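Welcome, and thank you for opening the viewer. Please load the model, switch on the residue labels, and follow along one selection at a time.

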Amino acid sequence: MSDFVVDELSKTVGDKTVFQNISFIIHKYDRIGIIGLNGSGKTTLLDVISGRLGFDGDTCPFSSHNHYKIAYLTQEPDFDEEKTVLDTVLSSDLPEMRLIREYETLMADYQDSYQVRLEKIMAEMDALDVWTIESEVKTVLSMLGLSDLSQKVKNLSGGLRRRVQLAQVLLNTADLLLLDEPTNHLDMDTIAWLSHYLKSSRKTLLFITHDRYFLDSLATRIFELDKAALLEYQGNYQDYVRLRAERDEREAALLHKKRQLYKQELAWMKKQPQARATKQQARINRFNDLKTDLAGSSSSSNLEINFQTSRIGKKVVQFEHVNFAYPNKPILNDFNLLIQNKDRIGIVGENGVGKSTLLNLISGSLQPKAGKIDIGETVRIGYFSQQIQGMDESKRLIHYLQETADKVKTDSGNISVSEMLEQFLFPPSMHGTQIAKLSGGEKKRLYLLKILIEQPNVLLLDEPTNDLDIATLTVLESFLQDFVGPVITVSHDRYFLDKMANKIIAFEEDTIREFFGNYTDYLDEKTFEIEKANKVQKKEAPKRAKEKTKDKSMSYFEKKEWATIEDDIAQLEEQIVKIEEDMQMSAFDYSKLSKLQEELDLKNDELLMKYERYDYLSDLENSKNK
């Protein structure tokens with residue numbers, strides 16, 4: 001794959017210039033994260049690169065674009081509703097995918113009459129060495145929780161449709177993957193797997209994400225879209241934060257110098273006699289340029305939140321022996337919970353276990369089947385839900401907020417709704433814009449603003465990091481730290497939970513656990529418990545393993561794996577030696593050394609897995625020969 005070159009790319013949507021004359025290069029195996037405020041053009045950039053949207057001008061800004069195969073994970077999947085999950089995921093016309101589709105279909109509903117056809121397909125799969133791809137397909141589908149492959153897409157929930165689309169893109173043989181918020185609707189374990197998969201599969205990525213842990217672990221470069229320009233930073237999210245801070249310091253110093261010079265030039269302009277017909281034109285031009293620069297820099301892109309909140313008493317929320325269930329699905333059983341003034345509670349667990357249900361019980365939109373939920377008299381709840389509630393998209397921004405209040409109480413006094421919109425990065429030119437014309441993230445930011453204007457003293461946040469840009473999230477986290485009342489949030493964003501939560505409510509397999517600490521503390525505790533349990537069982541493990549393999553014979557796939565596993569191990573060992581030699585040769589090239597170290601870590605992980613598989617298959621082989 002040659003470099004993907006973009007030169008002088010511009011795009012205007014309506015009367016807004018989204019980006020203008022931006023240029024960049026995507027190298028093979030790059031993993032580039034795109035960040036920027038909501039509405040800055042992140043999704044538009046992916047749409048243009050994918051061909052879903054056109055570009056401005058007559059000259060194509062893409063070099064070798066026609067030679068690239070691109071796979072695009074959009075925020076809204078577009079499927080043939082009548083197709084099955086299997087046919088949708090393996091929709092590629094490649095012969096390998098066609099064989100896997102037919103093989104999986106026959107195996108899912110095997111009958112003796114299929115045997116002749118099945119043997120022919122397996123022979124073709126042998127000839128094309130498709131088994132490795134088939135194994136990867138099964139791994140991806142399993143890790144994304146897609147078990148019923150015969151189910152039609154039209155019967156899937158929004159979260160499962162998103163996972164089907166993600167599997168479809170991951171298994172595509174494209175040169176470049178475009179991923180728009182790939183972690184949405186995924187639990188934390190799946191997000192961790194996805195990050196490892198994308199790194200180990202050596203794919204070239206251009207992706208948008210609000211998940212800062214995911215961005216930090218995956219990105220090799222960062223593109224920031226700001227004011228129709230693209231700024232590039234080498235490294236991951238931590239590197240971006242450091243480099244951006246250094247850039248901001250330089251710009252602040254330059255701005256200070258410009259202001260000092262402007263004061264001097266303003267004094268000179270005022271001193272000039274009115275009778276003099278002309279002044280030094282070059283100096284006048286410089287003064288006007290300075291004035292324009294300073295006017296442009298005065299429109300800060302920093303979001304600030306300093307709302308006042310209503311008073312809250314000591315009594316907040318208490319669950320007493322609460323039961324709740326949906327038909328055929330129990331959620332809470334004799335559940336007790338006391339929520340106090342300064343609590344910062346993170347609710348975690350797999351999808352569908354009842355996390356949002358817990359928030360809906362607190363808000364009053366659901367009622368318990370038994371037990372009691374006691375809400376304090378002074379409690380005013382603000383509920384930031386996953387789905388925006390009650391937003392009439394035909395309204396103008398300012399009218400939408402004026403339905404709640406004309407003025408807002410802040411720490412610095414009363415300010416108008418118009419000023420508050422500006423603080424939330426909606427410039428005056430947007431105040432009369434219809435809500436329908438906003439990006440998804442801008443709608444979420446506006447929704448958050450309306451909730452805060454209502455001055456709640458208890459905040460319920462359901463996946464607040466979805467669709468919000470990183471700059472808004474950073475300021476929201478700072479605001480939550482000083483918020484006077486409790487904050488209860490459902491989130492799959494580990495970075496957000498670590499900064500916000502001091503208590504975790506974890507929906508586990510058979511229980512709901514209350515843990516004091518942030519999410520990383522909770523994970524450390526779980527790891528400790530697992531290690532402790534493993535030590536107790538360690539002495540019995542070899543015996544159980546022998547009993548397990550004693551009467552078991554190898555499957556067809558295990559026989560094929562056993563036939564090549566020693567060669568696979570030898571090849572991996574040779575690759576590791578080669579990487580180590582390259583590292584010695586590149587001892588002073590720290591950029592290359594870092595990439596080699598990452599590659600070495602991945603190969604060592606693969607080798608360890610191969611050793612474990614070798615031991616398992618060896619036991620099966622030995623038990624057969626006894």
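Is Pro 182 buried or exposed? Select Pro 182 and take a look around: with a relative accessible area of 1%, Pro 182 is buried. Please keep in mind throughout that this is a predicted model.

**Stop 1: around Pro 182**

Pro 182 sits in the loop that runs between strand E6 (176-180) and helix H7 (188-200). Now add Phe 207 to your selection. The two residues are 25 residues apart along the chain, and their C-alpha atoms are separated by 7.9 Å.

**Stop 2: a buried pair**

Next, select Arg 212 and Glu 477. Their side chains meet in a salt bridge, at 2.4 Å from N to O. Arg 212 belongs to helix H8 (residues 212-218) and Glu 477 to helix H15 (residues 470-482), so this pair ties together parts that are 265 residues apart in sequence. Arg 212 has a relative accessible area of 1% and is therefore buried. Glu 477 counts as buried too, at 2% relative accessibility.

**Stop 3: a pair within one helix**

Move on to helix H9 (residues 237-271), and pick out Arg 242 and Glu 246. They form a salt bridge whose closest N and O atoms are 3.7 Å apart. Why is about one helical turn the separation between them? Because Arg 242 and Glu 246 are four residues apart in H9. Colour them by accessibility if you can: Arg 242 is partly exposed, with a relative accessible area of 44%, and Glu 246 is partly exposed at 34%.

**Stop 4: a loop meets a helix**

Now select Glu 393 and Lys 443, whose side chains meet in a salt bridge (3.2 Å, N to O). This pair links distant parts of the chain, 50 residues apart: Glu 393 is in the loop between strand E14 (381-384) and helix H12 (397-402), while Lys 443 is in helix H14 (residues 440-453). Glu 393 counts as partly exposed at 33% relative accessibility, whereas Lys 443 is buried, with a relative accessible area of 15%.

Before leaving the salt bridges, highlight Asp 30, Arg 221 and Glu 232, which are linked in a network of them. The count for the model comes to 27 salt bridges.

**Stop 5: a lysine without a salt bridge**

Side chains of opposite charge can pair when their charged atoms come close. With that in mind, select Lys 355, found in helix H11 (residues 355-363). What is the nearest side chain of opposite charge to Lys 355? That is Glu 463, 5.8 Å away; Lys 355 is buried yet has no salt bridge. Look instead at the backbone oxygen of Glu 350, which the side chain of Lys 355 reaches at 2.9 Å.

Stay with helix H11 for a moment. Its buried residues include Thr 357, Leu 358, Leu 359, Leu 361 and Ile 362, along with Lys 355. Just after H11, click on Gly 364, which takes a positive phi of about 95°.

**Stop 6: out to the surface**

Finally, return to Glu 350 and add Asp 189, Glu 509 and Asp 510. Together these four gather in a patch of negative charge on the surface. Zoom in on Glu 509, in the loop between strand E19 (503-507) and strand E20 (512-516). Glu 509 counts as exposed, at 79% relative accessibility.

Methods
Residues numbered from 1 in each chain as written. Predicted model: local features only at pLDDT ≥ 70, side-chain atom pairs only at ≥ 80, totals over all residues. Heavy atoms only, no water. Patch = residues over 30% accessible without salt bridge, like charges linked within 9 Å, V, L, I, M, F, W, Y side chains within 5 Å. Areas by Shrake-Rupley, 256 points an atom, 1.4 Å probe, with all protein chains shown as cover. Lys, Arg positive; Asp, Glu negative; His and termini not counted. Charge placed at Lys NZ, Arg CZ, Asp CG, Glu CD. Helix = DSSP H or I, 4+ residues; strand = E, 2+ residues; numbered from the N terminus. Buried < 20%, exposed > 50% of the residue type's maximum accessible area, 1.4 Å probe, protein only. Polar contact = N/O pair within 3.5 Å; in protein donor to acceptor, adjacent residues only side chain to side chain.
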